[in-house]
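Visitor: Could you walk me through a few side chains in this one?
Guide: Gladly; here it is.
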Amino acid sequence: MTQSPRKKPEELRSHRWYGVKDMRAFGHRSRTAQMGFHRGDYAGKPVIAIINTWSDINPCHTHFKQRVEEVKRGIWQAGGFPVEMPAISLSEPFQKPTTMLYRNLLAMECEELLRSYPADGCVLMGGCDKTTPALMMGAISMDLPAIFMPAGPMLRGDYKGEFLGSGSDTWKYWAELRAGNITEQDWQDVEDGIARSPGHCMTMGTASTMTSAAEVLGFTLPGAASIPAPDSRHAQMATLTGKRIVDMVWEDLKPSDILSARSFDNAVTAVLALGGSTNAIVHLIALARRAGIALDIHRFDELARQTPVLANLRPSGKFLMEDFFYAGGLRALLTQLGDLLDLSQLTCSGRTLGANLEGATVFNDDVIRPRGNPLVAHSGLAVLVGNLAPAGAIIKPAAMEPGLRKHRGPAVVFKDYNDMAARIDDDALEVTKDSVIVLQSAGPQGAPGMPEWGQLPIPRKLLKEGVRDMVRISDARMSGTSYGACVLHVTPESHVGGPLALVRDGDLIELDVDARRIDMLVGDEELARRRAAWQQPAARFTRGYGVLYLKHIQQADTGCDFDFLETERAQTAAGGEPEIH
């Protein structure tokens with residue numbers, strides 16, 4: 001792709017704030033001087049907004065106080081003017097009911113920060129689950145030169161000489177504690193050793209899935225997504241990111257120059273080869289729709305049927321992100337995919353994806369498998385349809401017991417999360433290993449926010465019998481660190497009258513992963529009777545952001561974005577960007 005000629009200083013967007021000779025520009029310059037900057041620090045230079053999602057409540061981003069200084073160093077060295085702009089930090093471990101409720105709020109904040117201030121380009125600092133898609137959604141809509149700086153995974157956990165993976169081993173040992181197989185002291189030791197450095201989850205959860213997708217889409221420097229957060233090479237990457245964004249501004253290299261249907265196919269293929277999080281489906285669809293590109297859940301299934309899982313990473317495999325980095329990282333994995341990728345796609349480096357992979361090598365072919373010896377031959381993710389999910393549902397076959405791929409069993413229904421929490425471990429609960437556990441009211445509107453409740457707990461009495469996987473169905477999501485035969489994202493959700501709302505205890509439910517079907521074996525006449533009796537639940541919010549959310553949130557199959565945001569981009573000054581007064 002031929003790039004535009006380099007911009008002139010008077011063509012910078014920030015020139016409208018700083019460079020003109022009027023009273024408003026006087027005010028901008030005098031207030032910048034008030035902050036200790038001389039006119040020579042910024043005059044005629046690209047102003048780079050650094051959108052920083054650091055927070056005291058976000059353990060994944062604790063190193064961002066230091067990393068932002070390293071980003072600034074790179075911007076200064078390249079002749080830019082850095083301006084740090086804090087944004088809401090979506091802390092996956094702490095924010096309730098779910099960070100997904102606030103993903104679109106961060107996306108809006110990012111877009112509006114970039115629109116309303118004198119930014120010529122931006123560095124997006126994120127990594128913890130929803131921060132990556134949120135920042136990218138805002139940047140895509142604003143369409144200024146943008147580069148993403150991923151937080152990086154934390155170091156491997158440690159417990160009695162064994163490596164621990166965040167999330168995945170939490171669920172594993174919690175099940176063993178509930179079954180009575182480990183002690184409270186064992187559980188305490190897991191707690192003390194599972195998260196021991198800055199950085200996001202070191203399993204192939206949503207965080208590493210989405211930062212990897214960002215790299216393949218062309219939003220990061222080559223290799224940036226795989227570097228562990230505490231590694232000194234991560235700090236070097238931060239400085240190089242700051243340097244690169246300055247050149248991107250002069251080149252006017254924007255998201256709209258990088259993103260295409262083929263680049264999204266590349267990202268989906270990479271996610272599948274990584275055994276990535278099911279959450280990537282919702283997020284990548286939202287990103288594509290922001291860019292005006294058609295991407296739906298069925299494209300994921302089409303690509304999954306031809307894409308092998310090559311990353312032997314938890315929860316589908318056995319290794320962790322630190323091992324993945326030492327084995328060659330994402331660049332090395334992409335070299336194994338060959339003809340499954342379109343290597344001609346442009347990236348923020350100014351080079352193609354193929355050029356970015358030059359010299360990449362696999363150093364451990366058990367961690368990064370060759371095409372001839374995949375972890376899973378294909379279909380690491382699968383899209384299901386049927387009378388229980390007319391608009392689709394998701395399952396992760398690579399992370400479930402193979403014997404459950406085709407299963408029929410009676411439903412055990414919980415009307416909401418509180419109902420499930422109150423009854424799941426009741427010894428009187430009528431449930432067997434063949435039952436299908438169903439959770440209602442856990443979708444975008446029902447929960448609200450579509451929390452990661454989809455890895456429904458196995459009843460304690462079955463855990464004691466040795467059961468470790470069952471078919472479980474909900475309109476929720478699940479953590480990318482989770483595993484099991486969990487049917488997720490059932491659409492339409494139960495709260496808006498989807499068929500999931502009509503399931504009753506004892507209804508036979510049939511799952512057939514190979515046929516891509518999920519059905520309840522209930523007659524049409526009976527379903528019609530139930531639908532006639534169904535009543536819309538009350539709205540979950542009566543004030544504030546929640547009211548806006550419920551009014552405009554879309555369903556999982558279209559990315560859970562707000563209906564008034566998905567295809568909009570900020571306009572250029574000539575096309576209607578707000579005047580500066």
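Guide: What follows is a short talk about charged pairs and two single residues in a predicted model.

Visitor: How many salt bridges are there?
Guide: The count comes to 41 salt bridges. One of them pairs Asp 323 with Arg 156, where the closest N and O atoms are 2.4 Å apart. Asp 323 lies in helix α15 and Arg 156 in the loop between β4 and β5, so the pair ties together parts that are 167 residues apart in sequence.

Visitor: And is Asp 323 buried or exposed?
Guide: Asp 323 counts as buried because its relative accessibility is 13%, under the 20% limit, and Arg 156 is buried too, at 16%.

Visitor: Which partner does Glu 176 have?
Guide: Glu 176 forms a salt bridge with Arg 468, with 3.0 Å between the closest N and O atoms. This pair links distant parts of the chain, since Glu 176 sits in helix α7 and Arg 468 in the loop between α19 and β11, 292 residues apart.

Visitor: Switching topic, where is Lys 160?
Guide: Lys 160 is in the loop between β5 and β6, and it is exposed, with a relative accessible area of 59%. Its side chain makes a polar contact of 2.8 Å with that of Asp 186.

Visitor: What about Thr 209, buried or exposed?
Guide: Thr 209, in helix α9, counts as buried at 0% relative accessibility, and its side chain reaches the backbone oxygen of Gly 205 at 2.6 Å. Beyond its neighbours within four places in sequence, Thr 209 has contacts that include Met 204, Val 271 and Ala 280.

Note on methods
Residues are numbered from 1 along each chain as its sequence is written. This is a predicted model: local features need pLDDT of at least 70, side-chain atom pairs count only at pLDDT 80 or more; totals for chains, interfaces and linings use all residues. Side-chain values use heavy atoms; hydrogens and water are left out. Helices (H or I, at least four residues) and strands (E, at least two) are DSSP runs, numbered from the N terminus. Buried means under 20% relative accessible area, exposed over 50%, partly exposed in between (1.4 Å probe, protein chains only). A polar contact is a pair of N or O atoms within 3.5 Å; within protein, one must be able to donate a hydrogen and the other to accept it, and residues adjacent in sequence count only if both atoms are side-chain atoms. Contact means heavy atoms within 4.5 Å. A salt bridge is a side-chain nitrogen of Lys or Arg within 4 Å of a carboxyl oxygen of Asp or Glu.
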